[in-house]
Amino acid sequence: MGSLKAVITCVNAYVPDYILTNKELETLVDTNDEWIRTRTGIEERRLLKGEGKGTSELASQAVLGLLEKSGTDPLDVDLIIVATVTADMHFPDTATITAHKTGMKNAFGFDLSAACSGFLFALTTGARYVESGNYKKVIVVGADKMSSIMDFEDRSTCILFGDGGGAVLLEPQESPYGFMDSILHSDGAGEQYLHMKGGGSRYPSTHETVDKKMHYLFQDGRPVFKAAVKGMSSSISALLKKNALSPDDISWIIPHQANKRILNAVADYLDFPIERVAINIEKYGNTTAATIPICLWEWEKKLKEGDNLILTAFGGGFTWGAIYIKWAYNGNNN
Ligand code: COA
(Lines give C-alpha, C1' and ligand atoms only; values in the text may rest on other atoms or scores of the structure.)
Protein backbone atom coordinates (compact mmCIF):
# COMPACT_ATOMS: atom_id res chain seq x y z
CA MET A 1 0.00 0.00 0.00
CA GLY A 2 1.18 3.52 -0.79
CA SER A 3 -0.05 6.92 0.31
CA LEU A 4 -3.20 8.59 -1.01
CA LYS A 5 -2.45 9.53 -4.60
CA ALA A 6 -4.33 11.42 -7.28
CA VAL A 7 -4.58 8.85 -10.03
CA ILE A 8 -5.60 9.41 -13.64
CA THR A 9 -8.19 6.67 -14.14
CA CYS A 10 -9.49 7.68 -17.57
CA VAL A 11 -8.65 10.01 -20.43
CA ASN A 12 -10.67 11.24 -23.38
CA ALA A 13 -10.43 13.94 -26.04
CA TYR A 14 -12.45 15.59 -28.75
CA VAL A 15 -11.32 17.26 -31.94
CA PRO A 16 -13.78 18.87 -34.35
CA ASP A 17 -14.42 17.32 -37.77
CA TYR A 18 -13.27 20.17 -39.99
CA ILE A 19 -9.69 19.63 -41.21
CA LEU A 20 -7.73 22.71 -42.26
CA THR A 21 -4.87 21.42 -44.42
CA ASN A 22 -1.64 23.18 -45.32
CA LYS A 23 -2.95 23.20 -48.89
CA GLU A 24 -6.03 25.19 -47.86
CA LEU A 25 -3.81 27.61 -45.91
CA GLU A 26 -1.90 28.22 -49.16
CA THR A 27 -5.12 29.78 -50.51
CA LEU A 28 -5.40 32.13 -47.50
CA VAL A 29 -1.84 33.41 -46.94
CA ASP A 30 1.52 33.44 -48.71
CA THR A 31 2.81 30.11 -47.43
CA ASN A 32 3.35 26.58 -48.66
CA ASP A 33 3.01 23.02 -47.44
CA GLU A 34 6.77 22.41 -47.63
CA TRP A 35 7.61 25.44 -45.41
CA ILE A 36 5.00 24.54 -42.81
CA ARG A 37 6.05 20.87 -42.63
CA THR A 38 9.77 21.52 -42.42
CA ARG A 39 9.62 24.52 -40.05
CA THR A 40 6.89 23.18 -37.72
CA GLY A 41 6.01 19.52 -38.46
CA ILE A 42 2.33 20.42 -38.90
CA GLU A 43 0.32 18.89 -41.76
CA GLU A 44 -3.22 19.74 -40.72
CA ARG A 45 -5.25 21.06 -37.81
CA ARG A 46 -8.93 20.94 -36.76
CA LEU A 47 -11.31 23.89 -36.62
CA LEU A 48 -14.56 24.20 -34.69
CA LYS A 49 -17.14 25.62 -37.06
CA GLY A 50 -20.64 26.77 -36.24
CA GLU A 51 -22.29 29.93 -34.99
CA GLY A 52 -22.20 30.34 -31.22
CA LYS A 53 -19.92 27.38 -30.54
CA GLY A 54 -17.08 28.17 -28.15
CA THR A 55 -14.52 26.31 -26.09
CA SER A 56 -17.22 24.83 -23.83
CA GLU A 57 -18.35 22.81 -26.86
CA LEU A 58 -14.88 21.24 -27.14
CA ALA A 59 -14.68 20.73 -23.36
CA SER A 60 -18.21 19.28 -23.12
CA GLN A 61 -17.64 16.78 -25.92
CA ALA A 62 -14.40 15.62 -24.28
CA VAL A 63 -16.08 15.38 -20.85
CA LEU A 64 -19.22 13.56 -22.09
CA GLY A 65 -16.99 10.93 -23.67
CA LEU A 66 -14.92 10.70 -20.48
CA LEU A 67 -18.01 10.16 -18.31
CA GLU A 68 -19.27 7.45 -20.64
CA LYS A 69 -15.92 5.72 -21.03
CA SER A 70 -15.29 5.64 -17.27
CA GLY A 71 -18.89 4.78 -16.35
CA THR A 72 -19.05 7.88 -14.17
CA ASP A 73 -22.38 9.37 -13.11
CA PRO A 74 -22.09 13.13 -13.74
CA LEU A 75 -23.80 13.72 -10.38
CA ASP A 76 -20.81 12.13 -8.62
CA VAL A 77 -18.25 14.61 -9.97
CA ASP A 78 -17.03 17.06 -7.30
CA LEU A 79 -14.95 19.51 -9.30
CA ILE A 80 -14.11 20.45 -12.89
CA ILE A 81 -11.16 22.66 -13.79
CA VAL A 82 -10.89 23.96 -17.36
CA ALA A 83 -7.51 25.23 -18.53
CA THR A 84 -8.04 27.62 -21.43
CA VAL A 85 -7.11 31.01 -22.90
CA THR A 86 -10.17 31.08 -25.16
CA ALA A 87 -12.99 31.00 -22.63
CA ASP A 88 -16.51 31.18 -24.08
CA MET A 89 -16.73 34.68 -22.56
CA HIS A 90 -15.14 36.74 -19.77
CA PHE A 91 -17.70 35.30 -17.38
CA PRO A 92 -19.21 32.99 -16.43
CA ASP A 93 -16.26 30.66 -16.59
CA THR A 94 -16.12 27.86 -19.14
CA ALA A 95 -15.84 25.17 -16.43
CA THR A 96 -19.20 26.16 -14.95
CA ILE A 97 -20.80 26.24 -18.42
CA THR A 98 -19.28 22.82 -19.18
CA ALA A 99 -20.54 21.38 -15.88
CA HIS A 100 -24.04 22.56 -16.78
CA LYS A 101 -23.87 21.14 -20.31
CA THR A 102 -22.70 17.74 -19.07
CA GLY A 103 -25.10 17.30 -16.15
CA MET A 104 -22.54 17.72 -13.35
CA LYS A 105 -25.06 19.38 -11.05
CA ASN A 106 -23.09 18.74 -7.84
CA ALA A 107 -19.72 19.91 -9.11
CA PHE A 108 -18.16 23.32 -8.68
CA GLY A 109 -15.81 24.57 -11.36
CA PHE A 110 -13.38 27.24 -12.34
CA ASP A 111 -11.12 28.15 -15.24
CA LEU A 112 -7.36 28.33 -15.07
CA SER A 113 -5.36 30.51 -17.44
CA ALA A 114 -1.73 29.59 -18.07
CA ALA A 115 -1.74 29.46 -21.89
CA CYS A 116 0.02 26.39 -23.30
CA SER A 117 1.07 25.29 -19.79
CA GLY A 118 -2.55 25.46 -18.60
CA PHE A 119 -3.07 21.71 -18.45
CA LEU A 120 0.06 21.22 -16.31
CA PHE A 121 -1.05 23.91 -13.87
CA ALA A 122 -4.64 22.57 -13.80
CA LEU A 123 -3.55 18.96 -13.31
CA THR A 124 -1.29 19.95 -10.42
CA THR A 125 -4.16 21.93 -8.87
CA GLY A 126 -6.66 19.08 -9.38
CA ALA A 127 -4.24 16.57 -7.86
CA ARG A 128 -3.98 18.66 -4.68
CA TYR A 129 -7.78 18.62 -4.25
CA VAL A 130 -7.83 14.83 -4.65
CA GLU A 131 -4.86 14.25 -2.33
CA SER A 132 -6.69 16.23 0.39
CA GLY A 133 -9.10 13.31 0.65
CA ASN A 134 -12.12 15.61 0.39
CA TYR A 135 -12.75 15.28 -3.36
CA LYS A 136 -13.35 11.88 -4.92
CA LYS A 137 -13.85 12.70 -8.58
CA VAL A 138 -12.11 15.66 -10.19
CA ILE A 139 -12.12 16.31 -13.93
CA VAL A 140 -9.27 18.33 -15.42
CA VAL A 141 -9.80 19.67 -18.94
CA GLY A 142 -7.52 21.44 -21.40
CA ALA A 143 -9.50 23.03 -24.24
CA ASP A 144 -8.95 25.88 -26.65
CA LYS A 145 -10.69 27.23 -29.71
CA MET A 146 -7.56 28.91 -31.06
CA SER A 147 -9.27 29.70 -34.37
CA SER A 148 -11.29 32.32 -32.45
CA ILE A 149 -8.13 34.42 -31.87
CA MET A 150 -6.25 33.70 -35.13
CA ASP A 151 -5.56 36.31 -37.77
CA PHE A 152 -5.98 34.32 -40.96
CA GLU A 153 -4.01 37.05 -42.77
CA ASP A 154 -0.89 36.51 -40.60
CA ARG A 155 1.12 33.59 -41.99
CA SER A 156 3.49 33.50 -39.04
CA THR A 157 0.74 32.46 -36.60
CA CYS A 158 -2.34 31.13 -38.42
CA ILE A 159 -0.49 28.06 -39.65
CA LEU A 160 0.44 26.98 -36.14
CA PHE A 161 -2.76 26.60 -34.17
CA GLY A 162 -5.88 24.42 -34.09
CA ASP A 163 -8.95 23.69 -31.94
CA GLY A 164 -9.48 20.77 -29.56
CA GLY A 165 -10.17 19.58 -26.04
CA GLY A 166 -9.03 16.78 -23.76
CA ALA A 167 -10.01 15.65 -20.26
CA VAL A 168 -8.78 13.33 -17.52
CA LEU A 169 -10.54 11.90 -14.49
CA LEU A 170 -8.58 12.10 -11.24
CA GLU A 171 -9.52 9.83 -8.34
CA PRO A 172 -7.91 9.12 -4.94
CA GLN A 173 -6.29 5.71 -4.52
CA GLU A 174 -4.00 4.17 -1.94
CA SER A 175 -1.51 3.40 -4.64
CA PRO A 176 2.13 3.56 -5.67
CA TYR A 177 0.87 5.09 -8.94
CA GLY A 178 -0.54 8.49 -9.83
CA PHE A 179 0.59 12.10 -9.70
CA MET A 180 4.11 12.07 -8.21
CA ASP A 181 5.59 15.55 -8.55
CA SER A 182 5.67 18.73 -10.59
CA ILE A 183 7.83 21.77 -11.17
CA LEU A 184 5.99 24.85 -12.48
CA HIS A 185 7.27 28.31 -13.40
CA SER A 186 6.03 31.62 -14.73
CA ASP A 187 7.78 34.83 -15.78
CA GLY A 188 5.80 37.89 -16.86
CA ALA A 189 8.81 39.26 -18.74
CA GLY A 190 7.66 36.97 -21.56
CA GLU A 191 4.48 38.98 -22.12
CA GLN A 192 6.01 41.05 -24.91
CA TYR A 193 6.68 37.98 -27.07
CA LEU A 194 3.35 36.16 -26.88
CA HIS A 195 0.02 37.75 -26.00
CA MET A 196 -3.43 38.88 -27.03
CA LYS A 197 -3.84 42.47 -25.87
CA GLY A 198 -7.38 43.44 -26.79
CA GLY A 199 -10.61 42.81 -24.94
CA GLY A 200 -9.18 42.65 -21.41
CA SER A 201 -9.32 45.35 -18.74
CA ARG A 202 -6.13 47.05 -20.00
CA TYR A 203 -7.44 47.52 -23.53
CA PRO A 204 -11.23 47.00 -23.49
CA SER A 205 -12.80 46.32 -26.88
CA THR A 206 -13.27 49.42 -29.04
CA HIS A 207 -13.36 50.07 -32.78
CA GLU A 208 -9.71 51.03 -32.43
CA THR A 209 -8.66 47.73 -30.81
CA VAL A 210 -10.43 45.87 -33.61
CA ASP A 211 -8.82 48.05 -36.31
CA LYS A 212 -5.40 47.46 -34.74
CA LYS A 213 -5.98 43.68 -34.73
CA MET A 214 -5.52 43.56 -30.97
CA HIS A 215 -8.01 40.70 -30.62
CA TYR A 216 -5.68 38.27 -32.34
CA LEU A 217 -2.81 36.28 -30.88
CA PHE A 218 0.56 37.96 -31.36
CA GLN A 219 3.79 35.97 -31.32
CA ASP A 220 7.43 36.84 -31.92
CA GLY A 221 8.40 33.27 -32.84
CA ARG A 222 12.18 33.17 -32.47
CA PRO A 223 12.56 34.24 -28.82
CA VAL A 224 9.60 32.02 -27.92
CA PHE A 225 11.23 29.07 -29.67
CA LYS A 226 14.48 29.51 -27.73
CA ALA A 227 12.72 30.02 -24.40
CA ALA A 228 10.51 26.97 -25.03
CA VAL A 229 13.50 24.67 -25.60
CA LYS A 230 15.26 26.01 -22.52
CA GLY A 231 12.15 26.00 -20.30
CA MET A 232 11.02 22.47 -21.12
CA SER A 233 14.53 20.98 -21.02
CA SER A 234 15.50 22.61 -17.73
CA SER A 235 12.25 21.74 -15.96
CA ILE A 236 12.49 18.10 -17.06
CA SER A 237 16.13 17.93 -15.94
CA ALA A 238 15.27 19.43 -12.56
CA LEU A 239 12.30 17.10 -12.08
CA LEU A 240 14.37 14.01 -12.94
CA LYS A 241 17.10 15.07 -10.55
CA LYS A 242 14.63 15.83 -7.75
CA ASN A 243 13.12 12.35 -8.09
CA ALA A 244 16.43 10.51 -8.62
CA LEU A 245 15.39 9.41 -12.11
CA SER A 246 17.46 9.08 -15.27
CA PRO A 247 16.12 9.35 -18.84
CA ASP A 248 16.27 5.51 -18.98
CA ASP A 249 13.61 5.35 -16.24
CA ILE A 250 11.13 7.34 -18.34
CA SER A 251 8.81 5.42 -20.70
CA TRP A 252 7.39 8.47 -22.46
CA ILE A 253 7.70 12.23 -22.52
CA ILE A 254 4.24 13.63 -23.34
CA PRO A 255 4.99 17.22 -24.38
CA HIS A 256 3.01 20.26 -25.39
CA GLN A 257 2.96 20.30 -29.19
CA ALA A 258 4.09 23.73 -30.46
CA ASN A 259 6.74 22.87 -33.02
CA LYS A 260 8.35 19.53 -33.91
CA ARG A 261 11.76 21.20 -34.06
CA ILE A 262 11.33 22.31 -30.44
CA LEU A 263 10.66 18.68 -29.43
CA ASN A 264 13.72 17.45 -31.34
CA ALA A 265 15.85 20.07 -29.59
CA VAL A 266 14.49 19.13 -26.13
CA ALA A 267 15.16 15.42 -26.78
CA ASP A 268 18.69 16.24 -27.98
CA TYR A 269 19.39 18.41 -24.96
CA LEU A 270 18.26 15.66 -22.56
CA ASP A 271 19.90 12.90 -24.61
CA PHE A 272 16.46 11.26 -24.66
CA PRO A 273 15.43 9.05 -27.61
CA ILE A 274 12.96 10.91 -29.82
CA GLU A 275 11.11 7.58 -30.36
CA ARG A 276 9.88 7.85 -26.74
CA VAL A 277 8.59 11.42 -27.17
CA ALA A 278 4.86 11.39 -28.01
CA ILE A 279 4.36 13.55 -31.09
CA ASN A 280 1.06 14.16 -32.90
CA ILE A 281 1.54 17.79 -33.95
CA GLU A 282 1.23 16.78 -37.61
CA LYS A 283 -2.50 16.11 -37.13
CA TYR A 284 -3.67 18.87 -34.81
CA GLY A 285 -1.10 21.68 -34.70
CA ASN A 286 -0.90 23.63 -31.45
CA THR A 287 -4.20 23.38 -29.55
CA THR A 288 -2.72 25.28 -26.57
CA ALA A 289 -4.10 23.81 -23.30
CA ALA A 290 -5.45 20.76 -25.15
CA THR A 291 -2.26 19.33 -26.65
CA ILE A 292 -1.21 17.21 -23.65
CA PRO A 293 -4.59 15.56 -22.88
CA ILE A 294 -5.15 14.93 -26.61
CA CYS A 295 -1.71 13.31 -26.77
CA LEU A 296 -2.37 11.21 -23.63
CA TRP A 297 -5.64 10.04 -25.22
CA GLU A 298 -3.92 9.04 -28.44
CA TRP A 299 -1.09 7.29 -26.56
CA GLU A 300 -3.36 5.59 -24.00
CA LYS A 301 -3.31 2.19 -25.73
CA LYS A 302 0.50 2.14 -25.61
CA LEU A 303 0.73 3.04 -21.92
CA LYS A 304 1.29 0.36 -19.30
CA GLU A 305 0.72 0.15 -15.56
CA GLY A 306 3.78 1.53 -13.79
CA ASP A 307 5.12 3.52 -16.77
CA ASN A 308 6.93 6.67 -15.70
CA LEU A 309 5.66 9.62 -17.75
CA ILE A 310 6.91 13.17 -17.93
CA LEU A 311 4.44 15.80 -19.14
CA THR A 312 5.99 19.12 -20.13
CA ALA A 313 4.90 22.42 -21.64
CA PHE A 314 5.90 25.98 -22.38
CA GLY A 315 3.61 28.87 -23.26
CA GLY A 316 2.49 32.46 -23.05
CA GLY A 317 3.25 34.30 -19.83
CA PHE A 318 5.85 32.89 -20.07
CA THR A 319 4.70 29.77 -18.24
CA TRP A 320 6.42 26.38 -18.23
CA GLY A 321 7.11 23.24 -16.28
CA ALA A 322 6.99 19.46 -16.05
CA ILE A 323 4.97 16.80 -14.22
CA TYR A 324 6.05 13.30 -13.20
CA ILE A 325 3.29 10.66 -13.28
CA LYS A 326 3.36 6.92 -12.65
CA TRP A 327 0.70 5.64 -15.05
CA ALA A 328 -1.85 3.43 -13.29
CA TYR A 329 -3.37 1.10 -15.87
CA ASN A 330 -2.73 -0.89 -19.02
CA GLY A 331 -4.15 1.19 -21.83
CA ASN A 332 -5.01 -1.78 -24.00
CA ASN A 333 -7.53 -2.95 -21.37
CA ASN A 334 -9.78 -0.04 -22.33
N1 COA B 1 5.20 30.43 -44.74
C2 COA B 1 6.29 30.80 -45.40
N3 COA B 1 7.23 31.61 -44.89
C4 COA B 1 7.06 32.04 -43.62
C5 COA B 1 5.92 31.68 -42.87
C6 COA B 1 4.99 30.85 -43.48
N7 COA B 1 3.87 30.44 -42.83
N8 COA B 1 6.02 32.25 -41.65
C9 COA B 1 7.16 32.95 -41.64
N10 COA B 1 7.78 32.83 -42.83
C11 COA B 1 9.04 33.42 -43.26
C12 COA B 1 9.38 34.67 -42.52
O13 COA B 1 8.74 35.79 -43.08
C14 COA B 1 10.87 34.73 -42.66
O15 COA B 1 11.18 35.23 -43.93
P16 COA B 1 12.45 36.22 -44.12
O17 COA B 1 13.64 35.42 -43.74
O18 COA B 1 12.37 36.56 -45.57
O19 COA B 1 12.19 37.37 -43.21
C20 COA B 1 11.29 33.26 -42.64
O21 COA B 1 10.10 32.51 -42.96
C22 COA B 1 11.80 32.80 -41.31
O23 COA B 1 10.92 33.30 -40.30
P24 COA B 1 11.11 32.96 -38.79
O25 COA B 1 10.01 33.57 -37.98
O26 COA B 1 12.51 33.27 -38.39
O27 COA B 1 10.91 31.38 -38.86
P28 COA B 1 11.22 30.34 -37.77
O29 COA B 1 12.10 29.31 -38.30
O30 COA B 1 11.55 30.96 -36.43
O31 COA B 1 9.79 29.65 -37.58
C32 COA B 1 7.94 29.67 -36.06
C33 COA B 1 8.69 30.42 -37.14
C34 COA B 1 6.79 30.51 -35.54
C35 COA B 1 7.43 28.37 -36.65
C36 COA B 1 8.93 29.34 -34.91
O37 COA B 1 9.61 30.50 -34.54
C38 COA B 1 8.26 28.78 -33.69
O39 COA B 1 7.78 27.67 -33.72
N40 COA B 1 8.30 29.53 -32.58
C41 COA B 1 7.82 29.03 -31.30
C42 COA B 1 6.38 28.72 -31.27
C43 COA B 1 6.07 28.25 -29.90
O44 COA B 1 6.76 27.46 -29.31
N45 COA B 1 5.08 28.73 -29.29
C46 COA B 1 4.94 28.32 -27.91
C47 COA B 1 3.86 28.88 -27.35
S48 COA B 1 2.63 27.79 -27.44
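Here are a few notes on where the ligand sits in this predicted model and what surrounds it.

1. Start with the overall location. Domain 1 (4-176) and domain 2 (180-333) each contribute residues to the shell around the ligand, so the ligand lies between the two. If you look at the pockets, the ligand's space is the second largest pocket.

2. Now for the neighbours. There are 23 residues around the ligand, and those that come nearest are Thr 31, Arg 39, Cys 116, Arg 222 and Asn 259. Sorted by class, the shell is made up of 10 nonpolar, eight polar and five charged residues.

3. Three side chains are worth a look for their N or O atoms. Thr 31 has one at 2.6 Å from a nitrogen atom of the ligand. With Asn 259, the partner is an oxygen atom of the ligand, at 2.7 Å. Trp 35 also has a side-chain N or O atom facing an oxygen atom of the ligand in this list, with 3.5 Å between the two.

4. How much of the ligand does the protein bury? On its own the ligand exposes 960 Å², and 75% of that is buried by the protein.

5. Which elements give two or more residues to the shell around the ligand? They are α2 (33-40), α6 (155-158), α8 (221-242) and α9 (260-270). The largest share is that of α8, with four residues.

How values were computed:
Residues numbered from 1 in each chain as written. Predicted model: local features only at pLDDT ≥ 70, side-chain atom pairs only at ≥ 80, totals over all residues. Heavy atoms only, no water. Near = heavy atom within 4 Å. Polar contact = N/O pair within 3.5 Å; in protein donor to acceptor, adjacent residues only side chain to side chain. Areas by Shrake-Rupley, 256 points an atom, 1.4 Å probe, with all protein chains shown as cover. 1 Å grid on protein atoms, 1.4 Å probe; cavity = no way out; pocket = protein on both sides within 12 Å on 5 of 7 lines; lining within 4 Å. Sits in = over half its atoms within 2 Å of the grid points. Nonpolar A, V, L, I, M, F, W, Y, C, P; charged D, E, K, R; others polar. Domains from an automatic or database assignment.
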